[in-house]
Structures are given as C-alpha cells and as structure tokens.
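Q: Please take a close look at one part of this model. I would like a connected account of a single residue and what surrounds it.

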Amino acid sequence: MKREIEASAGVFSAWSGSNAIKRTLSKYPMETLKANTLLQLLDADVSCSDLLKGCEAESLIKKFTTEEMLELSPTSADLSKLIAAGAEFDATTIAAICPTAADLIALNLEPSNYVERGFGLDQFISRGANLKQLLALEEGES
C-alpha cells in the first residue's frame, strides 16, 4: 500500500506544466485524463490518438462531449474506436474527418450503418473507392 501512495504522489507533482502532461500521459494515462481539463490537454498538444494509446474510448466519451472530442483532432482510426464505444458523430463531422474512401472504410462500420449515416456507394465512389473496396463493403449484403 505504501508503494502505491509514493507512486501516486510522484504523478501529481509531475502534473505541473504542459510538458509534464505529455510525459505523465505515457506512464499514467487514466490519471492524466482524470486530472486535466480539455484546455490543459490542448495546451500540451495532446491529441485524441495520444489519449487512446493508454485510455479506453469509453473513458473519453464519459469525460468529453462530442464537440470537445473533436477539438482533440481525432483521425479516422480514432473515430472508429469512439464510434465502437458508443459516441455519436453526425455525417458532416464524419465526412470532414474521413475525406477519402480508405478513411471511411477505416471506420469499420457495417454497410447498413454507413447508409444510416448518409454514406451510400456514391459517397465512396466520389472519394476514390476502387471496385475491390466497394465489393468488400457489400460483402454479406444481399
């Protein structure tokens, strides 16, 4: 028990500046997420990808609103994890983060989920999808 207290005390004293946030994030991701506000994380140039390396997507969803998560500049891979954890993003936001067909495919959604969000085959074709990618999307659909 004593060792845990000593380790935690070192973490809290290290959280005194923006450079320290990046250092503690790699070693103590959940504690760093809990102890810092969105502004502190943004000031330290922490991105959504940085947070998802050590924190679960559910933790980010609980701490931040959808708009706040967008300020952390998520990539299509980050968006995939957040959507799988239950985050809701509108079609405009998804289109802005996923400008190419490969980015949309990286979301790993079911074909029906793409359609529900407004992304039909025409959206994939306009983003440069090739025939192989289109067939992979339709696999399993009648």
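In which helix does Met69 lie, and what is around that residue?

A: The model is a predicted one. In it, Met69 is part of helix H7, which covers residues 66-71. Met69 counts as buried because its relative accessible area is 1%, and the cut-off for buried is under 20%.

Apart from neighbours within four places in sequence, the contacts of Met69 are Leu60, Ile61, Phe64, Pro74, Leu82, Ala87 and Phe89. Leu38 can be placed relative to Met69 as well: the two are 31 residues apart in sequence, and their C-alpha atoms are 8.8 Å apart.

Leu60 leads from Met69 to the wider interior. With residues up to four places away in sequence left out, Leu60 touches Met69 and Leu82, and also Leu33, Cys48, Leu51, Leu52 and Cys55. Leu60 and Leu51 are among the residues with the most contacts inside the largest nonpolar core, together with Ile94, Leu107 and Phe124. That core has 34 residues. Elements that give two or more residues to this core include helix H5 (48-54), helix H6 (57-63) and helix H8 (76-84). Helix H2 (18-27), helix H4 (38-43), helix H9 (91-97), helix H10 (101-105) and helix H13 (131-138) are also among these elements.

Two of the residues that Leu60 touches are cysteines, Cys48 and Cys55. The number of disulfides in the model is 0. For Cys55, the nearest cysteine sulfur belongs to Cys48 and is 10.0 Å away, whereas a disulfide needs sulfur atoms within 2.5 Å. Cys55 is buried, at 5% relative accessible area. Cys98 is likewise buried, with a value of 0%.

Helix H5 also takes part in charged pairs. The whole structure has 2 salt bridges. One of them joins the side chains of Lys22 and Asp50, with an N to O distance of 3.1 Å. Lys22 belongs to helix H2 and Asp50 to helix H5, so this pair ties together parts that are 28 residues apart in sequence. A salt bridge also pairs Lys53 with Asp50, and here the closest N and O atoms are 3.9 Å apart. Lys53 and Asp50 are both in helix H5, 3 residues apart, or about one turn of the helix. Lys22, Asp50 and Lys53 are thus linked in a network of salt bridges. Lys22 is partly exposed, with a relative accessible area of 36%, while Lys53 is exposed at 71%. Met69, by contrast, is buried at 1%.

How values were computed:
Residues are numbered from 1 along each chain as its sequence is written. This is a predicted model: local features need pLDDT of at least 70, side-chain atom pairs count only at pLDDT 80 or more; totals for chains, interfaces and linings use all residues. Side-chain values use heavy atoms; hydrogens and water are left out. Buried means under 20% relative accessible area, exposed over 50%, partly exposed in between (1.4 Å probe, protein chains only). A nonpolar core is a set of buried Ala, Val, Leu, Ile, Met, Phe, Trp, Tyr and Cys residues joined through side-chain atoms within 4.5 Å. Helices (H or I, at least four residues) and strands (E, at least two) are DSSP runs, numbered from the N terminus. Contact means heavy atoms within 4.5 Å. A salt bridge is a side-chain nitrogen of Lys or Arg within 4 Å of a carboxyl oxygen of Asp or Glu.
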